[in-house]
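Q: Got a minute to go through this one with me? Pull it up and we'll start with the strands.

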Amino acid sequence: MIEQIEKLLEEIKSITANNAEELEALRLKYLSKKGILNTLMAQFREVPADQKREFGVKLNELKNATQEKISSLKEALESKEEEQCELDLTRPGYPGKLGTRHPLSIVKNEIIDIFSRLGFSIANGVEVEDDWHVFSAMNFAEDHPARDMQDTFFVEAHPDIILRTHTSSVQSRVMETSQPPIRIIAPGRVYRNEAISYRAHCFFHQLEALYIDKNVSFTDLKQVLLLFAKEMFGNDTKIRLRPSYFPFTEPSAEMDISCNICGGKGCPFCKGTGWVEILGCGMVDPNVLELCGIDSKEYSGYALGMGIERITNLKYQVKDLRLFSENDIRFLKLFESAN
């Protein structure tokens, strides 16, 4: 048996492995439960008493030599693999941190998803528009206050070219170029000539919806508004409609939802009323349909519009509008879990 161990020691010195599979095969051959070393150890009890000491020493030597050889072969294979890996020297030295979606993008995408499930498609338009599509086609009178310099940014060289004050200009262009049924939402940035403060900004984001078809009623509008409120703010949300005025809708209304902070019981956020205003809406004025080339005797429709910043404030209680455009990383990190 001593001679057998001596032969195995010589054999161990000469073994090689070109890959992980060969190395594993060697490990199983020598070191596994059914391997050569375990077989020799099982034979230890049969060795004569006067040879046990020498046999034990040689067996331990074989075991240590085998383990060291397997380990050295493993290290050699790992080093070889590292050398073969292609190193991209253009990669940064430190891994870059993943960014997060902007809170306005998070809320906008959520609103779009709700209306998409109701069959609305997205329509986009330009931010630099003409007076007709922003005002005249939307039934704004020539002396309407919204046309004043206090509210609108005009392009100096072209007095009829302005920065759109609402995304209704997208609606007018869609109505001019399409025939009912029309079912679109128009998200986008708009501009107003206002002083910047915690509650107002010279630019912000809107999302408007337009549906025109035969026999569209105010009941249809109310049902869409209720579904939107429940999807956006929770199943317990209630809505109420208050009469209002907009040049492009008749009748017009403003919609309130039960305060999602106090549940309608009254708190500082809702000023103790239990209600918070979120959007304006109404039936499309027949004059708007006619101005855009749609027969108002055959078709009717509804429109609604909301400020995305307003909805974001309600969902996340952001108290200062300026935070949305200051690119403060600390503020944006607050919305990592909302992505």
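**Strands, a helix and the whole chain**

A: Strand 2 pairs with strand 4 (residues 158–163) in the antiparallel sense, over three bridges. Pairing here needs at least two DSSP bridges between the strands. Helices (H or I, at least four residues) and strands (E, at least two) are DSSP runs numbered from the N terminus.

Q: Before we go on, what kind of model is this, and what are the pLDDT limits?
A: It's a predicted model: local features need pLDDT of at least 70, side-chain atom pairs count only at pLDDT 80 or more, and totals for chains, interfaces and linings use all residues. Residues are numbered from 1 along each chain as its sequence is written, and side-chain values use heavy atoms, with hydrogens and water left out.

Q: OK, back to strand 4. Which residue there is the bridge partner of Glu129?
A: Ile162 is the partner of Glu129. Val128 stands opposite Leu163 in strand 4.

Q: And what does strand 3 do with strand 4?
A: Strand 3 (residues 154–155) pairs with strand 4 over two bridges, again antiparallel. The two form a hairpin with two residues between them, and Phe154 stands opposite Ile162.

Q: What's the strand order in that sheet?
A: The order is 2-4-3, an open sheet of three strands with antiparallel pairing. Strand 2 and strand 3 are at the edges with a single partner strand each, so one side of each has no neighbour in the sheet.

Q: Switching to helix 7: mostly covered or not?
A: Mostly covered: helix 7 (residues 168–177) has seven of its 10 residues buried, meaning under 20% relative accessible area with a 1.4 Å probe, counting protein chains only. Among them are Val170, Val174 and Met175.

Q: What covers those buried residues?
A: The cover includes strand 2 (128–130), helix 6 (131–134), strand 5 (182–191), strand 6 (203–213), helix 9 (286–291) and strand 10 (300–307). Contact means heavy atoms within 4.5 Å.

Q: Zooming out, how many helices and strands are there in the protein chain?
A: There are 11 helices and 10 strands. The radius of gyration, over C-alpha atoms, is 38 Å, well over the 20 Å from the globule rule for 339 residues, so the chain is more spread out than a compact globule. That rule is 2.2 Å times the number of residues to the power 0.38.

Q: What does the C-alpha trace span along its principal axes?
A: About 120 × 50 × 40 Å. Buried residues make up 40% of the 339 in the chain.

Note on methods: Buried < 20%, exposed > 50% of the residue type's maximum accessible area, 1.4 Å probe, protein only.
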